Amino acid sequence: SQQLRQGQLKIAPAAMTARCRLAARFHHIHGANIRLDASHTQATRVESFANGLCFSQEPLAPGQIFLVEIEEKELGWCGHLRVGLTAHDPQSLEVVPEYSLPDLVNLGDTWVFAITRNHNRVVVEGEEVQARGRPWEPFLLIERVRIPRDTLVGRSRPGRYSHVLDDLYKMNVLPATARRSRIGVLYAPQPDGTADMHIVINGEDMGPSARGLPAARPLYAVIDVFASTKSVRVIPVDYGFPSLQTLCRLVIQKHIVHRLAIDGLDLPPLLKSFCQHE
């Protein structure tokens, strides 16, 4: 029922985290040019610029974000990652379409958003653009969904200017198509029984990219590893309180100028690695 579907947005954080970690994998059905790693969390397009369609392993729950990080780019192609939702069970596809746009969309019951370097925010006529949240706010709020912002923002690899890059990621200044950008998709049920699709880029909600989705039907995430996007990795999201490890990292990072300084601290090696690389 409509009340039940809306009520699922209030799933306990621990239960949502467990569900998200189980679903944070790619479906074994994918485009002809995609190769998955053994964990089904990394998808790489090995040939050409097309046939890079991927799907979430399971349908998404209301408010559940399917988040990926861009790991590799490939020069020489025009176009970037495409992200969205589909009501088609990947198992039911006789052939995986070559493109999400327009091929998969033309099958119906599919909503896909092409990510561009800039200007991904959706502005609906007559509506005011909501001010973007401050990058240091701990949670991103979308409808009644609360997502830890720390997971939504990528981090550069340690280097001379990595602290500068990290600030740019947090402020969402770098292009959405850059390496280490994190892009996610979710749907938020509405009072009329439909749902709005939201795209989140580096911790910022782009607004409802599509409206009127059938919230009562299973909806799978669509990730099209297209053109200049070469490889992406699924990032699991914890919806509960931050872990002790994460809290330690936040305190440590607050008191150092540069991540390379972590090497000189008297900390367990695993915590050092977590602070520098995760």
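Colleague: Which strand holds Arg45?

Modeller: In this predicted model, Arg45 sits in strand β2.

Colleague: And why does Arg45 count as buried?

Modeller: The relative accessibility of Arg45 is 0%. Buried means under 20%, so Arg45 qualifies.

Colleague: Which residues are in contact with Arg45, leaving aside its neighbours within four places in sequence?

Modeller: Among them are Asn33, Ile34, Glu74, Trp77, Phe226 and Lys230. Take Lys230: it is 185 residues from Arg45 in sequence, yet the C-alpha atoms are 5.5 Å apart.

Colleague: Lys230 and Glu74 both turn up in that list. What makes the Lys230 and Glu74 pair a salt bridge?

Modeller: Their closest N and O atoms are 3.9 Å apart. The cut-off is within 4 Å, for a side-chain nitrogen of Lys or Arg and a carboxyl oxygen of Asp or Glu, so the pair counts as a salt bridge. Lys230 belongs to strand β13 and Glu74 to the loop between β4 and β5, so this bridge ties together parts 156 residues apart in sequence.

Colleague: Are Lys230 and Glu74 buried or exposed?

Modeller: They get separate labels. Lys230 has a relative accessible area of 16%, and under 20% means buried. Glu74 has 25% relative accessibility. Partly exposed is the class between the 20% and 50% limits, so Glu74 goes there.

Colleague: How many salt bridges does this rule give?

Modeller: Nine. One of them joins Arg180 to Glu69, with the closest N and O atoms 3.3 Å apart. Arg180 is in the loop between α5 (162-170) and β9, and Glu69 is in strand β4, so parts 111 residues apart in sequence are tied together. Both Arg180 and Glu69 are buried.

Colleague: What about Asp109 and Arg217: how do you know that they form a salt bridge?

Modeller: The closest N and O atoms of Asp109 and Arg217 are 2.9 Å apart, and the limit is 4 Å, so they pass. This pair links distant parts of the chain, 108 residues apart: Asp109 is in the loop between α3 (100-106) and β6, and Arg217 in the loop between β11 and β12. Asp109 is partly exposed at 34% relative accessibility, and Arg217 is partly exposed at 35%.

Colleague: Which residues are linked in a network of salt bridges?

Modeller: Asp37, Glu71 and Arg233. Arg233 shows up in the strand pairing too, as the bridge partner of Gln42 in β13.

Colleague: What makes β2 and β13 paired strands?

Modeller: β2 (residues 42-45) and β13 share three bridges, in the antiparallel sense. At least two bridges are needed, so β2 and β13 qualify. They belong to an open, antiparallel sheet of seven strands, in the order β1-β2-β13-β4-β9-β10-β11.

Colleague: Why are β1 and β11 called edge strands?

Modeller: β1 (34-36) and β11 each pair on one side only. Across this sheet, neighbouring strands are turned by 25° against each other on average, direction ignored.

Colleague: What is the strand order in the open sheet of four strands?

Modeller: The order is β3-β12-β5-β6, with antiparallel pairing. β3 (53-55) and β6 stand at the edges with a single partner strand each, so one side of each has no neighbour in the sheet. The average turn between neighbouring strands here is 20°, direction ignored.

Colleague: How do you know that β3 and β12 pair?

Modeller: There are three bridges between β3 and β12, in the antiparallel sense. The requirement is at least two, so the pairing holds. Phe55 stands opposite Val222 in β12.

Colleague: Which residues have the most contacts inside the largest nonpolar core?

Modeller: Phe26, Phe66, Ile199, Ile223 and Val232, in a core of 34 residues. Elements giving two or more residues to this core include β4 (66-73), β10 (194-201) and β12 (220-224). β10 supplies the largest share, four residues.

Colleague: And what does the second, separate core include?

Modeller: It has 12 residues, including Ile142, Val145, Val200 and Ile235.

Colleague: Last one: how many helices and strands are in the chain?

Modeller: Seven helices and 13 strands. Of the 278 residues in the chain, 50% are buried.

Notes
Residues numbered from 1 in each chain as written. Predicted model: local features only at pLDDT ≥ 70, side-chain atom pairs only at ≥ 80, totals over all residues. Heavy atoms only, no water. Core = buried A, V, L, I, M, F, W, Y, C linked by side-chain atoms within 4.5 Å. Buried < 20%, exposed > 50% of the residue type's maximum accessible area, 1.4 Å probe, protein only. Axes fitted to C-alpha atoms, helices over the stretch in contact; angles between N-to-C directions. Contact = heavy atoms within 4.5 Å.
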